[in-house]
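Reader: I'd like to learn how to read a model like this one. Could you walk me through it, feature by feature?

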Amino acid sequence: MVNRFMQSRLRDLVFLAIILFALPAFLSNPFHYDLATQMAIIAATVVGLNLLVGFAGQISLGHAGFFGLGAYFSGIMTGSYGWSSIPALLVGAVLVGIIAWIVGRPILRLKGHYLSMATLAVGFIIAIIINNETWLTGGPDGMPVPSLDIFGWELSPFGSYSLFGMELDGNQAWYLFAALVLLVAVWFAQNLIDSPIGRALRSVHGSEVAARVVGVNTASYKSLVFVISAIYASLMGGLYAHFQGFITPAVAAFDFSIVLITMVVLGGMGSTMGVILGAVVLKLLPQVLADFQELETVMFGLILMLTMIFMPKGLLPTIQMAVSKRMKKKAGGQA
Amino acid sequence: MSALIEVKGLDKAFGGVHAVEGVSFAVEAGQVYSVIGPNGAGKTTLFNLISGIYTPTKGEIRLNGESTAKLEPNQLAERGMCRTFQQMQICMNMTAIENVMLGRHLKLKSNLFSTLFRLPALLRDEQSCRQRAAELMEFVGCGEYLDTEASAMSYGALKRLEIARALAAEPKVILLDEPAAGLNGTETASLEELIRKIADQGTTVMLVEHDMKLVMGISDRLLVLNYGRVLAEGTPEEIRNNPDVIAAYLGG
């Protein structure tokens, strides 16, 4: 009974919802809310990336490129062309999806290091374009982005809102919104994984040749999941731009791609809750390591290396395994 | 009526080595057709050619009269061909039953929308898919493993699981590559029974096997390969009395 509940998908979602909505009790100032909101948005991006990396077993070292494209598309269309946020987000996601499909078709034929290289190049190209097209993107100086408007309702970190009689400031409202977005992102990801499409995706990872002989068109499934994860990144990039109010080419940079992939590996490839934990840990780490600022990147590398060596399955799966082992031991002792 | 599988002048060269050379034969629907031969005779290469994993250097394979030259393995699956592997190909990142459900991939209609929102129609399909997969696991004799992680299963059980996955696709022809390899006497006997049951259901079976007793007992026809060439072809009775085969196997 307990085991069945432990394995259910709903448990994860409920658990996550409880944490997300209990968290404000521990957040005491706008800076905390700002960080928590960023975490939620990045976590949702990583949940999407995990579909590609953790479940389908394909790597992308250029995912920040798609995040950056989404961010800049939203920024440019709402800032310079007066679009409303939602259409900008959606059109951006569709465009990024199309770009990912066009790019993904040829490069997903590659495997291992070659695929890493190709996705790395895609990320670089996007970052270079954003850096150089100053007339459109503001170049290295970045560009301001208007606050998010949802069909006329404006959500800004500087606003003030009331929800069910509770007074919320802008940062709190943004956090709740981002938490909801994360829950929906997780729900979609879980539905996708636990479905015929999800099985086909996982089989690409498990045994590509087995997948093909039972009729899975592995090439299209790889493209599909590449596109889906790029759309996740694009949407989250757009939200991130609105939330921050200002974006620089750093959102599309190589470093950020590495941070995203590190979150997946650290948290636990193929574990949706795990990669969220990965995102939280890596977002918190710079705060904790503030003293070593110049060594931050070195630290990221070191953590990735140590995780690969001592916890090849990632943080959460390792913890889960240790807990269930202990529980089994206890149960065995009583019997 | 033409044969289900027709192979004509098939040739596969790896560099200068001809793994399969000038092989022709035909498999009628409903038969159990076995390919035997010493190690390195080209049996597995032949299977890889038929199932579309390798592309022939020369020659032609027809499935139900259609040339398979331009077809990918997944397209062959759509046309009713499924196989198992000598080096088992199981998705170790899934549970046993998920592996079998994967076999029903082509039978499931799903779109992204109903998947993302987990619509009732999808859940109904999944339920019946799961039920069918459980029946198949029972049929092949690994029904007790349903939700076991594939990585935690024994070798013998995985071999059966792979057959269940292939059957889940409801193929017209199933290719079994050394299903008895690594199995003990009892397991081989129950495998023989399983292959018989599969054949009795009307599925054509192609078999690569080393175990002579098994092969001679269940095959309608046999193909004997040696150094990539056809040494003999015929009924078990004919093969048993063929002097070339005796020479190759006993060393003459």
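**Overall shape of chain A**

Author: Chain A has 335 residues, and a compact globule of that length would have a radius of gyration near 20 Å; chain A comes out at 20 Å, so the two agree. The radius is taken over C-alpha atoms, and the globule rule is 2.2 Å times the number of residues to the power 0.38. Before we go on: this is a predicted model, where local features need pLDDT of at least 70, side-chain atom pairs count only at pLDDT 80 or more, and totals for chains, interfaces and linings use all residues. Residues are numbered from 1 along each chain as its sequence is written, while chains are lettered from A and ligands numbered from 1 in the order in which they are written.

Reader: What is the secondary structure of chain A?

Author: Helices (H or I, at least four residues) and strands (E, at least two) are DSSP runs, numbered from the N terminus. Chain A has 15 helices and six strands. Its C-alpha atoms fill a box of roughly 65 × 50 × 40 Å along the principal axes.

Reader: How many of the residues in chain A are buried?

Author: A residue is buried if 20 or more other C-beta atoms lie within 10 Å of its own, exposed if 12 or fewer, and partly exposed in between, with C-beta atoms placed from the backbone. In chain A, 48% of the 335 residues are buried.

Reader: Which residues touch across the two chains, and how many come from each?

Author: Two residues are in contact if their C-beta atoms, placed from the backbone, lie within 7 Å. Chain A puts in 22 residues and chain B 29. On the chain A side, α8 (170–193), α9 (196–206) and α10 (208–213) each supply at least two residues, and α9(A) gives the most, with eight. That side of chain A divides into ten nonpolar, nine polar and three charged residues. Here Ala, Val, Leu, Ile, Met, Phe, Trp, Tyr, Cys and Pro count as nonpolar, Asp, Glu, Lys and Arg as charged, and the others, Gly among them, as polar. As for confidence, the predictor gives the complex an ipTM of 0.91 and a pTM of 0.92.

Reader: And what pLDDT does chain B average?

Author: pLDDT is the predictor's confidence in each residue, from 0 to 100. Chain B averages 92, and 98% of the residues score at least 70.

Reader: Now the sheet: in what order do the four strands of chain B sit?

Author: Strands of a sheet pair through backbone hydrogen bonds, either parallel or antiparallel. Two strands count as paired if DSSP finds at least two bridges between them. In chain B the order is β2-β1-β4-β5, an open sheet with antiparallel pairing. The edges are β2 (17–27) and β5 (66–67) of chain B, each with a single partner strand, so one side of each is left without a neighbour in the sheet.

Reader: Which bridges hold the neighbours together, say β1(B) with β2(B)?

Author: Strand β1 (residues 5–14) of chain B pairs with β2(B) over seven bridges, and Leu10(B) has Val23(B) as its bridge partner there. Five bridges join β1(B) to β4 (residues 58–63) of chain B, where Val7(B) stands opposite Ile61(B). Then β4(B) and β5(B) share two bridges, with Leu63(B) partnered by Glu66(B). The hairpin of β4(B) and β5(B) has two residues between the strands, and Asn64(B) takes a positive phi near 55° in that hairpin.
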